[in-house]
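Hi there,

Here is the structure I promised to send over. Have a look at it first, and my notes follow underneath.

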Amino acid sequence: MTDLTQAFRELVIETPSWGYADSGTRFGVFPQPGRPRDTFEKLDDAAEVHRLTGTAGSVALHFPWDAVDDYDELRGEIESRGLRVGAVNPNLFQDPDYKLGSVTHPDAVVREKAVAHMLECVEIATGLGATAQSLWLADGTNYPGQDDLRERRRRMLDCLGRVYEALPAEQELLVEYKFFEPAFYATDLADWGSALLTCLKLGERAKVLVDLGHHAQGTNIEQIVAFLEAEGRLGGFHFNNRKYADDDLIVGSVNPFELFLIFVELTAVGRLPRLTIDQSHNIEAKVEAMTLSVVNLQEAYAKALLVDRAALRAAQESADVLGGHEVLLDAFNTDVRPACAEARVALGAAENPIRALRESGYAERMATERETQTELTR
Ligand code: PSV
Ligand code: MN
Ligand code: MN
């Protein structure tokens, strides 16, 4: 019998600083009242989600979006809110110079710029005490013949090799893949195979990051998790829910059984990888959406811990086709909400985080405070 309170005490979910900021669709950005206006206010929101849930004690940062003048001060601000820094994410997709790619760009000057930014992120990570740089490339081509596919791969390996060499021993390089967008003909890191091959070339502290939104419909993500874990190359997870693609929906909101199966694989061995939420909420209240995401993850995790592993193994070894499936269904169909509530309370968090958030008036308070400050600084 697993002690859920202890399991929650050890559970660290990273929330993304960028998930608290304004976002929208490619047709427009939808500003929300009370949205944070700088990195410190994003940290306030992250701290609120942690206060409510008890298991969101880490914040992933994105640069230059979260750039500040003084990184010692930023580290202090993170720690004073009871948080710690998660992965540091370089931005290699927004600068117009990256139109044709960053580390795969045909022009060496642009590749140098990308490497310099990643090296700067190594420094930032060192200053903040972060243990990973998490890399997502928007690199790819739109037309057959636009560029040489092997050349692009060679350029990427060369650039990433230089960054890897500069990593201090405590930092990992997490390599994320995405099967399409913004490039539509050939994405340079399109799938877990190309990400894994890249990591194998770089070294053992290069690991694959699986983002739930970055697969074709029907892909068996829990199997990818199992294989990468067996190879010692599962570096981290970006949680969200894809209905069409990418990361704009709340994890567990559409396909909770898939999320449960992923946690069944994540908990099959002793150690969880880095668990990060990667969501940008557009029409829903952001702090509430992040809080619900953490609660959904807690419930999927709690259900996975209920799986009777001995019974599962026995069914599998006796070739009982549906016996193992039934073991999983027994765990999935258990109502874990009361146990999760109890564990949260034991950690000093909220019994019902969404209700507590609504009753606290946090959203309304931020809408007032942050608007007032905007007027004052104008
Ligand atoms: C773009 O698809 C993306 O959502 C990737 O998943 C990254 O992890 C994220 O943006 C932050 O850069
Ligand atoms: Mn991601
Ligand atoms: Mn994404």
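Among contacts in the chain between residues at least 6 apart in sequence, 78% link residues at least 24 apart. Do keep in mind that this is a predicted model, and that every value here is computed from it.

On the overall build, the chain has 14 helices and twelve strands. Its radius of gyration is 21 Å, close to the 21 Å that the globule rule gives for 378 residues, so the chain is as compact as a globular protein of that length. If you would like to picture the outline, the C-alpha atoms fill a box of roughly 65 × 55 × 40 Å along the principal axes. Of the 378 residues, 45% are buried.

One helix you may enjoy looking at is H9, which covers residues 286–306. At 1.5 Å a residue, its 21 residues should span 30 Å, and the end C-alpha atoms are 31 Å apart, which agrees. H9 is also mostly covered, with 18 of its 21 residues buried. As a reminder for when you turn it on screen, an α-helix has 3.6 residues a turn, so residues three or four places apart point the same way.

Next, the backbone details. Which residues does a cis peptide bond join? Phe 63 and Pro 64 are one such pair, with omega about 15°. Pro 64 sits in the loop that runs between strand E4 (58–63) and helix H3 (71–80).

Another cis peptide bond goes from Glu 181 to Pro 182, and there omega is near 5°. Pro 182 belongs to the loop between strand E8 (172–176) and strand E9 (186–187), and Glu 181 is found in the loop between E8 and E9 too. Glu 181 deserves a second look: its phi is near 75°, a positive value in a residue other than glycine. Is Glu 181 buried or exposed? It has 12 C-beta neighbours inside 10 Å, and a residue with 12 or fewer counts as exposed, so Glu 181 is exposed.

Ala 319 also has a positive phi in a residue other than glycine, here near 55°. You will find Ala 319 in the loop between helix H10 (309–317) and helix H11 (321–332). With 8 C-beta neighbours inside 10 Å, Ala 319 counts as exposed.

If you open the model in a viewer, the loop between E8 and E9 is a nice place to begin, with Glu 181 and Pro 182 both in it.

Best wishes

Notes:
Residues are numbered from 1 along each chain as its sequence is written. Chains are lettered from A and ligands numbered from 1 in the order in which they are written. This is a predicted model: local features need pLDDT of at least 70, side-chain atom pairs count only at pLDDT 80 or more; totals for chains, interfaces and linings use all residues. Helices (H or I, at least four residues) and strands (E, at least two) are DSSP runs, numbered from the N terminus. The radius of gyration is taken over C-alpha atoms; the globule rule is 2.2 Å times the number of residues to the power 0.38. A residue is buried if 20 or more other C-beta atoms lie within 10 Å of its own, exposed if 12 or fewer, and partly exposed in between; C-beta atoms are placed from the backbone. Two residues are in contact if their C-beta atoms, placed from the backbone, lie within 7 Å. The expected span of a helix is 1.5 Å times one less than its number of residues.
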